Amino acid sequence: MDKVKPPTSREKVYSLIFDHSPVSMPEISKITGLNYKYVFQVIKALRRENYLTTTPTGKLVVLDKKGLIFKWAKDKDVILNSLTPITLKLIPDYNLRELALFSGNSVLWLLGRIISPAGGILYVREKTFKELIELKDPEGYPFKVYIYDDFYFKIRKELNGYYIPSWGMILADMLVQGTYTRLFDDVFETVVSIIEGERNEEG
């Protein structure tokens, strides 16, 4: 029996919808590089499940942000289980900032919710993976390191001097790492307010 392909393309659609809505299907197709027909099918399914609606101008808007994150987390669990991470002890500094994206529970540290970045996720490009390994330090914090798609490095964001992927991706990663407590709800509300603030600044 063939191994099921992890839903990495669908994650790109989730990322743009969660962080950048209102956004149109042609915009999603162009930014992600995904076939328009594929994007249409993903959006159709999300609309059918009442995660999205469409504005009169044809833009997509998220109706159920938390529901979408939980759906995303189910896909993310499959994606991360299909990859082979390594655990590296690293000390976050400028060099690490340039090589990797912080995600999952390590972003709780960047947001000031926990006192150390231990237990977090780092995403790195395949071409810079060896550079990251050279920075390992026995006195550092343990990170799960995944080689990930360049797409997320192109749409990266910055938080307290470090680079992070899509806010939605961070929340999905937190759920996969087991952050189902009130802390997740608190961070979810913080993230949604940050996204709204970013949109107001752009406006």
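A crossing of two helices is termed right-handed if the near helix is turned clockwise from the far one by less than a right angle, and left-handed if it is turned anticlockwise. In the predicted model described here, helix α2 passes helix α3 in a right-handed crossing. The contact involves Met 25, Pro 26, Ile 28 and Ser 29 on the side of α2, and Tyr 36, Val 39, Phe 40 and Ile 43 on the side of α3. The axes of α2 (residues 25–32) and α3 (residues 36–48) come within 9 Å and cross at roughly 125 degrees. At this angle α2 is oblique to α3, because the value falls neither in the range of 65 to 115 degrees that counts as roughly perpendicular nor over 145 degrees, where helices count as roughly antiparallel.

A second helix pair is formed by α1 (residues 8–20) and α4 (residues 65–82), which pack at an angle of about 155 degrees with their axes 10 Å apart. This angle makes α1 roughly antiparallel to α4. Helix α1 contributes Thr 8, Arg 10, Glu 11, Tyr 14, Ser 15, Ile 17 and Phe 18 to the contact, and α4 contributes Lys 65, Leu 68, Ile 69, Lys 71, Trp 72, Asp 75, Lys 76 and Ile 79. The crossing of α1 and α4 is left-handed, whereas that of α2 and α3 is right-handed.

The loops that join these helices were examined next. Between α1 and α2, the loop contains Pro 22, and the peptide bond leading from Ser 21 to Pro 22 is cis, with omega near 5 degrees. The loop between α2 and α3 contains Asn 35, which counts as exposed at 51% relative accessibility. A polar atom of the Asn 35 side chain lies 2.7 Å from the backbone nitrogen of Lys 37. Asn 35 is separated from Ser 82 by 47 residues in sequence and by 23 Å in space, C-alpha to C-alpha.

Backbone geometry also sets two further asparagines apart for description. Most residues other than glycine have a negative phi, and most peptide bonds are trans. Asn 50, in the loop between α3 and β1 (52–54), has a positive phi near 65 degrees. Asn 160 likewise has a positive phi, of about 50 degrees, although it is not a glycine; its position is in the loop between β7 (157–159) and β8 (162–164). Asn 50 is exposed, with a relative accessibility of 54%, and Asn 160 is exposed at 57%.

Four strands form an open sheet in the order β3-β6-β5-β4, with mixed pairing. Strands β3 (86–90) and β4 occupy the edges; each has a single partner strand, so one side of each has no neighbour in the sheet. From one strand to the next, the twist averages 40 degrees. At one edge, β3 runs antiparallel to β6 (residues 141–147) and is joined to β6 by five bridges. Within this pair, Lys 89 stands opposite Pro 142 of β6. At the other edge, β4 and β5 (residues 121–124) run antiparallel and are joined by four bridges. Here Leu 101 stands opposite Tyr 123 in β5.

In a regular strand the side chains alternate between the two faces of the sheet. In β4, Ala 100 and Phe 102 lie on one side and Leu 101 and Ser 103 on the other, and all of these residues are buried, so both faces of the strand are covered. Helix α9 (residues 167–176) lies across β4 and β5 and runs at about 60 degrees to β4.

The surroundings of Ser 103 were then considered. Ser 103 is placed in strand β4, which spans residues 100–103. With a relative accessibility of 0%, Ser 103 counts as buried, because that class takes in values under 20%. Apart from residues up to four places away in sequence, Ser 103 touches Gly 120, Ile 121, Tyr 123, Pro 165, Met 169, Ile 170, Asp 173 and Gln 177. One of these contacts, that with Asp 173, includes a polar contact of 2.5 Å between the two side chains.

Notes. Residues numbered from 1 in each chain as written. Predicted model: local features only at pLDDT ≥ 70, side-chain atom pairs only at ≥ 80, totals over all residues. Heavy atoms only, no water. Helix = DSSP H or I, 4+ residues; strand = E, 2+ residues; numbered from the N terminus. Buried < 20%, exposed > 50% of the residue type's maximum accessible area, 1.4 Å probe, protein only. Polar contact = N/O pair within 3.5 Å; in protein donor to acceptor, adjacent residues only side chain to side chain. Contact = heavy atoms within 4.5 Å. Pairing = 2+ DSSP bridges. Axes fitted to C-alpha atoms, helices over the stretch in contact; angles between N-to-C directions. Parallel < 35°, antiparallel > 145°, perpendicular 65-115°, else oblique.
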